[in-house]
Amino acid sequence: MRRQNLRLVLRHVSRNGKSSRAQLASATGLTKATVSSLVAELLDAYLLIELGPEPRGLTGRPGSALALNPDRYAGIGLEINVDYVAACVTDLKHRIRYHHVECADNRADAKIALDRLARLGSVAIRAAHEMELTPCGITLALPGIVDQVTGRLLRAPNLNWTDLPVVESLGDRLDVRPEEIHLDNEANLAALGELWFGGGEALGDFIHVSGEIGIGAGIVTRRALYRGARGFAGEIGHISIDPSGELCGCGGRGCLERFCGQEAMLRAAGLPPAAPATSTGDPGGPISGLLAALQRGEQQAIRAVRQGGEALGIGLAGVANVVDPDTIVLGGIFTPLASWLMEPFTAALLRQTVVTRWAPPRVAVSSLGPQAAVRGAAGSVVQRILADPSLFISGEEE
Ligand SMILES: [Zn+2]
């Protein structure tokens, strides 16, 4: 009971930014005495801080506002994608305190990719310690189907990796216990990143589309991710929009990502598909050539991206007809390509969506682009802290 109440209080402060004891009591239905004692424990555990007296209201004594303590605990997010690795550190208030991306082709060898990620991860952990933050866990984002219980990557078609014990391998390399490392699909984490660091609750129920070499989606309803019965929901990149089309890494034909994935659009634009293996910096690097061609007004590039946008609109219309979202958010590489892709995308989407005439879905462009997944990974560690603050309170049993 106490454990649940601690969570209730912490969650309320988290959602509201700040709150007084009196506001907490009226919002949670707990007595003021109970709230005061819970708050005292959360202050002792460095999860909350006291902001000082609020201006006097119309009635009663001025209350002291409480907020999440941003200077004690941190979540570490890590990501392996096909052509980059990334790491970030966030504090309890979802502020990004450290972020780094290294472009590299991870398809060649899983061991080398994990070594690369572990190097980046240990730098991020060190950065957290230097800011006097205590890392409270790691979440790893991967572009494939994962088993969260066993910590294994089952299949990542675009990396061509199959059945790898990634949690164990990363734990060994970072000298971190496997229980402290969680695993999730990058499209799921990108959607959560959008919820916590991007458009947030104003998006309503939304589908976040991650454009990379592969294409995935995360479906968020009532501020939570829809995972499906076995956790595999959102694999929209493998919706077939042409059953007689090109063979895909998944074994199907004419999959959506064969039309509007990064390599498909680069190829259609007449540009080399390979990612630069050495550059460090923005994961938009691999499409920088495409962006330059678009800015120069090259017709082949414009046509390639417009065709990709139309295919994406047809695929997403199918999803929207089933899910009925308030908003569709275009993320990953679709963020920088939005100026060229949005018009054919929206036209195809609205043409094929049944409810268009009465309630067309809103379309938004993510402000996070390819950074959404690693942020969502770090944010999911924060959510685990907020979900069970009793773990941080000494002497709290059960
Ligand atoms: Zn496929």
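Q: Which residue in the turn of the hairpin formed by strand 9 and strand 10 has a positive phi?
A: This is a predicted model, in which local features need a pLDDT (the predictor's confidence in each residue, from 0 to 100) of at least 70, side-chain atom pairs count only at pLDDT 80 or more, and totals for chains, interfaces and linings use all residues. Residues are numbered from 1 along each chain as its sequence is written. Strand 9 (residues 152-156) and strand 10 (residues 161-164) run antiparallel and are joined by three bridges, and Arg155 stands opposite Thr162 in strand 10. Four residues lie between the two strands of the hairpin, and the one in the turn with a positive phi, of about 60 degrees, is Asn160.

Q: How many helices and how many strands are there in the chain?
A: Helices (H or I, at least four residues) and strands (E, at least two) are DSSP runs, numbered from the N terminus. By this count the chain has twelve helices and 16 strands.

Q: What is the radius of gyration of the chain?
A: Along the principal axes, the C-alpha atoms of the chain fill a box of roughly 70 × 55 × 40 Å. The globule rule (2.2 Å times the number of residues to the power 0.38, with the radius of gyration taken over C-alpha atoms) gives 21 Å for 398 residues. The chain comes close to this and is therefore as compact as a globular protein of that length, with a radius of gyration of 22 Å.

Q: Over which residues is the pLDDT below 50?
A: The mean pLDDT of the chain is 91, and 94% of its residues reach 70 or more. One stretch has eleven contacts in the model beyond near neighbours in sequence (a contact means that the C-beta atoms, placed from the backbone, lie within 7 Å), yet its pLDDT is below 50, and this stretch is residues 276-281.

Q: Which helix gives the most to the side of domain 1 that touches domain 2?
A: The domain assignment, automatic or from a database, gives domain 1 (2-69), domain 2 (73-189 + 374-387) and domain 3 (199-367). The C-alpha centres of domain 1 and domain 2 lie 33 Å apart, and six residues of domain 1 are in contact with four residues of domain 2. With four residues, the element that gives the most to this side of domain 1 is helix 1.

Q: Which strands stand at the edges of the open sheet that has the order 1-3-2?
A: This open sheet has three strands with antiparallel pairing, where two strands pair if DSSP finds at least two bridges between them. Two of its strands have a single partner strand each, so one side of each is left without a neighbour in the sheet; these are strand 1 (19-20) and strand 2 (48-53).

Q: What angle does the direction of helix 1 make with that of strand 3?
A: Strand 2 and strand 3 (residues 64-68) pair in the antiparallel sense over five bridges, and Glu50 stands opposite Leu66 in strand 3. Axes are lines fitted to C-alpha atoms, for helices over the stretch in contact, and angles run from 0 to 180 degrees between N-to-C directions. Helix 1 (residues 2-16) packs on the sheet, touching strand 1, strand 2 and strand 3, and its angle to strand 3 is about 90 degrees.

Q: Which helix packs on the sheet and touches strand 12, strand 13, strand 14 and strand 15?
A: The open sheet of five strands has the order 14-13-12-15-16, with mixed pairing. Strand 12 (residues 206-211) and strand 13 (residues 215-221) pair in the antiparallel sense over six bridges, and the bridge partner of Phe206 in strand 13 is Val220. The element packed on this sheet spans residues 186-197, its direction makes about 45 degrees with that of strand 13, and it is helix 6.

Methods. Two residues are in contact if their C-beta atoms, placed from the backbone, lie within 7 Å.
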